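Trainee: I've got a new chain to look at today. Can you walk me through it?
Mentor: Sure, here it comes.

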Amino acid sequence: QLVTKKNYIRLCVLAAKILTPNACEDNVRELAETDWKFESGDKQIMDWNHFRAAMFELVDLWCPTTDPDDYVNWLSDMRDKIAALKKCGHGNPKKAKDIIKKHKVGHKQHHNDHNASTQSHN
């Protein structure tokens with residue numbers, strides 16, 4: 001699989017809205033451009049291995065522990081927050097903050113809640 005520069009920059013901007021909500025979007029884009037050049041070798045497309053390495057660096061930097069399960073949970077939580085922002089809050093700062101607050105449930109808790117509701121239906 002390949003990642004385009006446009007999609008990578010968009011992902012970086014959405015992640016920054018979650019991780020550093022008060023950051024200037026122009027600065028975030030500039031940093032994302034610099035990161036793209038480094039990670040992709042300044043190509044127009046990034047291969048999957050380079051994208052995975054970039055995402056690992058993000059998780060390694062922001063996850064509060066080095067436990068592999070915590071890395072997976074942190075990344076799953078970010079995926080959910082980014083999906084919510086893309087769906088309905090990307091252009092609205094107040095709505096984006098509400099979405100981020102709403103999606104603070106950790107992946108393990110969400111998974112446990114899902115299992116409990118699945119078992120109650122059986």
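Trainee: How many helices and strands does the chain have?
Mentor: The chain has 6 helices and 2 strands. Keep in mind that this is a predicted model.

Trainee: What pattern does the chain follow along the sequence?
Mentor: Read that way, the pattern is β-α-α-β-α-α-α-α.

Trainee: Okay, pockets. What volume does the largest pocket have?
Mentor: About 620 Å³. There are 23 residues lining the largest pocket, and the closest to its centre are Leu11, Phe51, Met55, Arg79 and Ile82.

Trainee: Which elements give two or more residues to that lining?
Mentor: Helix 1 (5-19), helix 3 (48-62) and helix 4 (68-89) do.

Trainee: And which helix gives the most to the lining of the largest pocket?
Mentor: Helix 4, with 9 residues.

Trainee: What's the lining like by class?
Mentor: The largest pocket is lined by 17 nonpolar, 2 polar and 4 charged residues.

Trainee: Next one. What volume does the second largest pocket have?
Mentor: About 460 Å³. Its lining has 19 residues. Nearest the centre of the second largest pocket lie Cys12, Asp35, Leu58, Leu61 and Trp62.

Trainee: Which helices each supply at least two residues there?
Mentor: Helix 1, helix 2 (25-40) and helix 3.

Trainee: How many nonpolar, polar and charged residues are in that lining?
Mentor: The second largest pocket has 15 nonpolar, 2 polar and 2 charged residues in its lining.

Trainee: Let's look at helix 1, then. How many residues does helix 1 have?
Mentor: Helix 1 has 15 residues. From its first C-alpha to its last, helix 1 reaches 21 Å. That is close to the 21 Å expected at 1.5 Å a residue.

Trainee: Which residues of helix 1 are buried?
Mentor: Tyr8, Ile9, Cys12, Val13, Leu14, Ala15, Ala16 and Ile18. You've met one of them already: Cys12 is among the residues nearest the centre of the second largest pocket.

Trainee: Zooming out. What share of the chain is buried?
Mentor: Buried residues make up 28% of the 122 residues.

Trainee: And what area does the chain expose?
Mentor: About 8,500 Å². Carbon and sulfur atoms supply 55% of that area.

Trainee: Last one, contacts. What share comes from residues 24 or more positions apart?
Mentor: Take the contacts with a separation of 6 or more. Residues 24 or more positions apart account for 56% of those.

Methods: Residues are numbered from 1 along each chain as its sequence is written. This is a predicted model: local features need pLDDT of at least 70, side-chain atom pairs count only at pLDDT 80 or more; totals for chains, interfaces and linings use all residues. Side-chain values use heavy atoms; hydrogens and water are left out. On a 1 Å grid over the protein atoms alone, a cavity is a set of points where a 1.4 Å probe fits but cannot get out, and a pocket is an open set with protein on both sides within 12 Å along at least five of seven lines; lining residues have an atom within 4 Å of a point. Grid points are joined across faces, edges and corners, and a volume is the space filled by probe spheres set on the points. Helices (H or I, at least four residues) and strands (E, at least two) are DSSP runs, numbered from the N terminus. Ala, Val, Leu, Ile, Met, Phe, Trp, Tyr, Cys and Pro count as nonpolar, Asp, Glu, Lys and Arg as charged, and the others, Gly among them, as polar. Buried means under 20% relative accessible area, exposed over 50%, partly exposed in between (1.4 Å probe, protein chains only). Contact means heavy atoms within 4.5 Å. Accessible areas come from the Shrake-Rupley method with a 1.4 Å probe; for residues, only the protein chains shown count as cover. The expected span of a helix is 1.5 Å times one less than its number of residues.
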